Amino acid sequence: MVRAASIGIRLSEEVKAALDQAAKAERRTISAYVEILIVADLELKGLLPKGAA
């Protein structure tokens, strides 16, 4: 998948720390981990076809 778009978000320090810990546990960057979470949610809601991302 070609990554051509970016977004910026602001998080509390607690959320950022938890996100960092979760990403490291899966040996991913925060960006890759967040993308997996977003894709899974969009697929679950039928907004993105399964396996499209």
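R3 sits in the segment before α1, and a good place to begin a walk through this predicted model is with that residue. With a relative accessible area of 59%, R3 is exposed, because it passes the 50% mark above which a residue counts as such. Its C-alpha atom can be compared with that of R28, a residue 25 positions away along the chain: the two C-alpha atoms are separated by 16 Å. The segment before α1 also holds A4. A4 has a relative accessibility of 76% and therefore counts as exposed. From A4 to E35 the chain runs 31 residues, and the C-alpha atoms of this pair are 13 Å apart.

Turning to the overall architecture, the secondary structure of the protein consists of two helices and zero strands. Along the principal axes, the C-alpha atoms occupy a box of roughly 30 × 20 × 20 Å. The protein has 53 residues, and buried residues account for 9% of them.

The arrangement of the helices comes next. Two packed helices are described by the angle between their axes and the distance between the axes. Here, α1 and α2 pack at an angle of about 90°, and their axes lie 9 Å apart. An angle from 65 to 115 degrees counts as roughly perpendicular, so α1 is roughly perpendicular to α2. On the α1 side, the contact is made by K16, L19, D20, A22 and A23. On the α2 side, I30, Y33 and V34 take part. Sorted by class, the residues of this contact comprise six nonpolar and two charged, with no polar ones.

The loop between α1 and α2 contains R27, a residue worth a brief stop. R27 is not a glycine, yet its phi is positive, at about 55°. The relative accessible area of R27 is 82%, which means that this residue is exposed, given that the class begins over 50%.

Within helix α2 lies I36. At a relative accessible area of 35%, I36 is partly exposed, because this value falls between the 20% limit for buried residues and the 50% limit for exposed ones. I36 and A53 are 17 residues apart along the chain, and 9.2 Å separates their C-alpha atoms.

Attention now moves to the space left open by the protein. Rolling a probe the size of a water molecule over the atoms shows where empty space is left. The largest pocket holds about 510 Å³ of space. Its lining is formed by 18 residues, and the closest to the pocket centre are I7, S31, V34, E35 and I38. Two elements, α1 (13-25) and α2 (30-44), each give two or more residues to this lining. The most is given by α2, which supplies seven residues. By class, the lining of the largest pocket is made up of 12 nonpolar, three polar and three charged residues.

Some residues link these descriptions. V34 of α2 takes part in the contact with α1, and V34 is also among the residues closest to the centre of the largest pocket. E35, likewise among the residues closest to that centre, is the partner of A4 in the C-alpha pair separated by 13 Å.

Notes:
Residues are numbered from 1 along each chain as its sequence is written. This is a predicted model: local features need pLDDT of at least 70, side-chain atom pairs count only at pLDDT 80 or more; totals for chains, interfaces and linings use all residues. Side-chain values use heavy atoms; hydrogens and water are left out. On a 1 Å grid over the protein atoms alone, a cavity is a set of points where a 1.4 Å probe fits but cannot get out, and a pocket is an open set with protein on both sides within 12 Å along at least five of seven lines; lining residues have an atom within 4 Å of a point. Grid points are joined across faces, edges and corners, and a volume is the space filled by probe spheres set on the points. Helices (H or I, at least four residues) and strands (E, at least two) are DSSP runs, numbered from the N terminus. Ala, Val, Leu, Ile, Met, Phe, Trp, Tyr, Cys and Pro count as nonpolar, Asp, Glu, Lys and Arg as charged, and the others, Gly among them, as polar. Axes are lines fitted to C-alpha atoms, for helices over the stretch in contact, and angles run from 0 to 180 degrees between N-to-C directions. Angles under 35 degrees count as roughly parallel, over 145 as roughly antiparallel, 65 to 115 as roughly perpendicular and the rest as oblique. Contact means heavy atoms within 4.5 Å. Buried means under 20% relative accessible area, exposed over 50%, partly exposed in between (1.4 Å probe, protein chains only).
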